[in-house]
Amino acid sequence: MSKDGWYLAADLGSSNGKLMLCEIQDGETITLQEAGRFPTPRIFVGGHVCINIYQIYGEICKSLAALGREGIHIRSLGVDSWSSDFGLVTPEKELLGLPVFYRDRRTDGMTEEVEKIVDYRILYSMTTQRRIQDSTLCQLAALKKEHPDLLEGGNRLLHIGDLLMFLFSGKTVSEISVASYSQMFSMRKGCWEDRVFELFGLPKTLQPEVVSAGTCLGRISDRQAAWYGTNAFEVTAPAVHDTASAGAAVPAREGENWAYISTGSWYLVSMELPGLADKDISYRYQLSNTGMAFGDVLLKRNICAMWMIQECQKSWKKRGLSCSYDEIVQMAGQAVPFYGYLDTDASCFYNPEDMAQEVSRYLERRGQPPVEPDDIGQMARLIYESISFKCRYALAALEKASGKSIDTVYVVGGTSKVSFLNRMLAAATGREILTGPAEAAAAGNALLQAYGGEGPGAKEKIRRMVRNSFPPERFLPEG
C-alpha cells in the first residue's frame, strides 16, 4: 500500500449509492474497489416522498465495519451526491425530520410561485442557476408554505452529501459545488446571496459556512472508530455535487477543446471554465454556472435521461415484462431508427405514474407514429436517440455561452461503457467521443480528498493518474 493509504468515497445517486475504496499507487495510478452498494432508500412520511438519510448512514457504517474486519486502514472518507435535496440541523446539532426527495410533488407549481416574487432573469443574474422546479430555493419556498416554523430557531441547511459528512464529523458546513447549485448562492461574490434570502423571507441563519473541495472537516473520535470498527479516519469534503467530482476525474489533456457528459438519471452536459460564462447567453439557453474544485466554474445543462429508462423498466415489470438494462439496449439496437422524437425534459416525464404509458401518450398528443407501452425496444430507442439529440443541442449552447469550441466529448459515469449509446452520441453530436471512468464521481471524490487541498496545480496530477488508470475507448462520428 502507498503511504497515501486508502480513501473511501461514498457516491450517492438518486437511484443508488455505492462505496468505493480507492488506493493511490506511487502518485501515478489509482485502483477502485467496490466496498458496498445499495438502492437509494426512499420512504413515504408525513405526506411526502423522503430520503431515508439514516438508512444511507447505516449502509456506510456497515461497509466501514466490513473494511475494519478486513484490517483496511482508511485515511479519509468523503461523500458526493446529487444536488438540491437537504435536511435541517438544529443549533444543538439534531436533524429535523428527513430530507424530502426532489421529485416529490410538493414543488409542483413552485417555479411559478418563485416568479411571482422575482423575475427569473433577475434571479439568474444573482445566482447563475437556471430555472428548475427542484432547486433548493423552490423546495424551501414549498417548505415555508407548509412548515414555516422549521426555518426558524437558528436551524441550518445541509445538502445530502454535506449532511452525511456532518453525521460523521459534526461539522455543519457546505462545499461550494453543492451550495452554488441551490439557487441561493452568488458565484460572482463567492458566498450566499443575501438578497435571495431577503426576497423569500428566509432567515440567513440557514446559511452554513461554505468550504472548498479538499477541506478536511476533522477526524472522527476514538469512540466513533470503536463503534464503526475502524481506525479514527479523517472526513474530507470532495466536490459534493457528484457532477463536479466526476469532472475532476475527466482524463482530458491540457490544450484539448473538450466538454464532458456525466451520465446517470440525468445527463449533465458540462464544461470546465476558469470563470463565469456569458450571462445573457447562459440564461437564454438555461445553462447553470456553479462551482467546481480548484475555483473553476461548471457550465452545464441538465438533460432528463436514464430516469426515463429506469421508470419505463418499472412500468414494463408491472406488465410482466422483466428485462435487464443490457437486454433493453440490445432490443433498442434492433428497433427502427429515427421513429420519432421526445423532449425528455417535458414536464409530463418528471414523475408520471406510468412512464411507458406517458411516452405513448406524448407521441399520440403530438401526432407522431404510435408506440405501444410494452414495445420495449422501440420505446427505449426513442429515448436514447432523443437524449443524444438533446446532448447535441446542449453542446452547441455551451460553445455559444463560453466562446470556446468543443472537439472532444468525454463520457463518464453510469452508461459510459455502453458502446451502443456512445456510437449514437458520436453520430448525433458529430464529435469524437472518449470514455472516462464509469465510476468517475467516486474516483474524483477520492482524488479530491487526497489532493484537493493542494490548489490548481494538482488538477493535472489528478487527470494524469486517471489517464494512467482508465484507458479511454474512442468513438468517431462516422463509426
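Let's start toward the C-terminal helices: where H16 meets H17, the crossing is right-handed. Keep in mind as you look around that this is a predicted model. H16 covers residues 440-451 and H17 covers residues 458-469, and their axes come within 11 Å, crossing at roughly 140°. Angles over 145 degrees would count as roughly antiparallel and 65 to 115 as roughly perpendicular, so this pair ends up as oblique.

What holds the two helices in contact? On the H16 side you'll find Leu-447, Leu-448 and Tyr-451, and across from them on H17 sit Ala-458, Lys-461, Ile-462, Met-465 and Val-466. Sort the residues of that contact by character and you get seven nonpolar, no polar and one charged.

Now step back along the chain to another helix pair. H14 runs through residues 376-402 and H15 through residues 419-429; they pack at an angle of about 45°, with axes 9 Å apart. That makes H14 and H15 oblique to each other, and their crossing is right-handed.

To trace this contact on your screen, pick out Arg-381, Tyr-384, Glu-385, Ser-388, Phe-389, Cys-391, Arg-392 and Leu-395 on H14. Their partners on H15 are Phe-420, Leu-421, Met-424, Leu-425, Ala-428 and Thr-429. How do the residues of the contact of H14 with H15 divide into nonpolar, polar and charged? The split is nine nonpolar, two polar and three charged.

How values were computed
Residues numbered from 1 in each chain as written. Predicted model: local features only at pLDDT ≥ 70, side-chain atom pairs only at ≥ 80, totals over all residues. Heavy atoms only, no water. Axes fitted to C-alpha atoms, helices over the stretch in contact; angles between N-to-C directions. Helix = DSSP H or I, 4+ residues; strand = E, 2+ residues; numbered from the N terminus. Parallel < 35°, antiparallel > 145°, perpendicular 65-115°, else oblique. Left-handed = near helix turned anticlockwise from the far one by under 90°. Contact = heavy atoms within 4.5 Å. Nonpolar A, V, L, I, M, F, W, Y, C, P; charged D, E, K, R; others polar.
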